[in-house]
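Work through the exercises below with the structure open. Try each task before reading its solution.

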Amino acid sequence: MRFDVITLFPELVHAVTASGVVGRAAHADLINLHCWNPRDYTTDTHRTVDDRPYGGGPGMVMKPDCLVETLQAVKSSNKTAGITTKVIYLSPQGKPVKQSALQTMSQDQGLTFLCGRYEGVDERVIELEVDEEWSIGDYVLSGGELGAMVFIDAITRLLPNVLGHQESAEQDSFSDGLLDCPHYTRPAVFAEKSIPDVLKSGDHQRIARWRREQALGRTYQRRPELLEKKNLTKEEQQLLQHFLKKTP
Ligand SMILES: C[S@@+](CC[C@H](N)C(=O)[O-])C[C@H]1O[C@@H](n2cnc3c(N)ncnc32)[C@H](O)[C@@H]1O
């Protein structure tokens, strides 16, 4: 999958492919990251990318000319490579992103992220060149770079052959509308706390049932609104009842 990021701080965004799962995916060519600096598409000697807002007020606005030039260069590069890309503007005013949207995006050939800075980008850039606006949460960051990195990380781990065990992404929180179950590793007793016996039983069916019950119970306790959206099977309802009976 190809990711293009339009940013004034390419070195910041490149850090997402420097280590861990995303680093390995980039090394194995499962993803390709290209950063584009709008300063390279300016025409004045100072390489100006921002200007004062019309109507007055604080802060600066990213200029439309260099951004549109950059976006057109990105689109043309993708076209030459035979890749269809979708332009996403990271914005606190965008739709709040969810795992299900990221799962859909992981099917795309390419995604282009436009990172704003200052007060944001001239509105006409959004009208002319942007396909979708997404937010990573109800708070305001100084720039879209961390948002682009969140998308790249979360999407990359959903791509085939990226995670060692394919099912580990499928069992993660939100992938089927529930939170994940608790996890334990050795030693079996730590700080006088033992792991649940069932996990040592070797009975895979019982373990799978226990994990499902924990996922249902945790979701009920921590994110009850997720359960309201989910149609639980009869077995899942029984597992949840069992969890609630044991839990004060
Ligand atoms: C300081 S913010 C501008 C905020 C803008 N004036 C507003 O209030 O809607 C600068 C840039 O950071 C990015 N950004 C800030 N918060 C974000 C969020 N929650 N999700 C995604 N991008 C965000 C956007 O690209 C934005 O253009």
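**Exercise 1. Find which strand gives the largest share of the shell around the ligand, then describe that shell.**

Solution. The model is predicted.
- Step 1: Strand β5, residues 85-96, supplies the largest share of the shell, with four residues.
- Step 2: Take the whole shell. 19 residues surround the ligand. The closest are Leu90, Gly116, Gly120, Gly144 and Gly147.
- Step 3: Sort by class. The shell holds seven nonpolar, 10 polar and two charged residues.

**Exercise 2. Determine how the buried residues of helix α3 are arranged around its axis.**

Solution.
- Step 1: Check the helix span. α3 runs over residues 64-80, 17 residues in total. From first C-alpha to last it reaches 24 Å, close to the expected 24 Å at 1.5 Å a residue.
- Step 2: List the buried residues of α3: Cys66, Leu67, Thr70, Leu71 and Val74.
- Step 3: Look down the axis. These residues lie on the same side of α3, because they cover an arc of only 135 degrees.
- Step 4: Recall the general rule. An α-helix has 3.6 residues a turn, so residues three or four places apart point the same way.
- Step 5: Turn to the face away from the buried side. It carries the exposed residues Ser76, Lys79 and Thr80.

**Exercise 3. Identify what the buried residues of α3 pack against.**

Solution.
- Step 1: The strands are β1 (2-6), β2 (32-36), β4 (61-62), β5 and β6 (110-115).
- Step 2: Add helix α5 (123-129).
- Step 3: Move just past α3. There glycine 82 takes a positive phi of about 75 degrees.

**Exercise 4. State how far apart the centres of domain 1 and domain 2 are.**

Solution.
- Step 1: The domain assignment gives domain 1 as 2-156 and domain 2 as 171-246.
- Step 2: Over C-alpha atoms, their centres are 37 Å apart.

Terms used: Residues numbered from 1 in each chain as written. Predicted model: local features only at pLDDT ≥ 70, side-chain atom pairs only at ≥ 80, totals over all residues. Near = placed C-beta within 6 Å. Helix = DSSP H or I, 4+ residues; strand = E, 2+ residues; numbered from the N terminus. Nonpolar A, V, L, I, M, F, W, Y, C, P; charged D, E, K, R; others polar. Domains from an automatic or database assignment. Expected span 1.5 Å × (residues − 1). Buried ≥ 20, exposed ≤ 12 C-beta atoms within 10 Å, placed from the backbone. Arc of directions from axis to C-beta. Contact = placed C-beta atoms within 7 Å.
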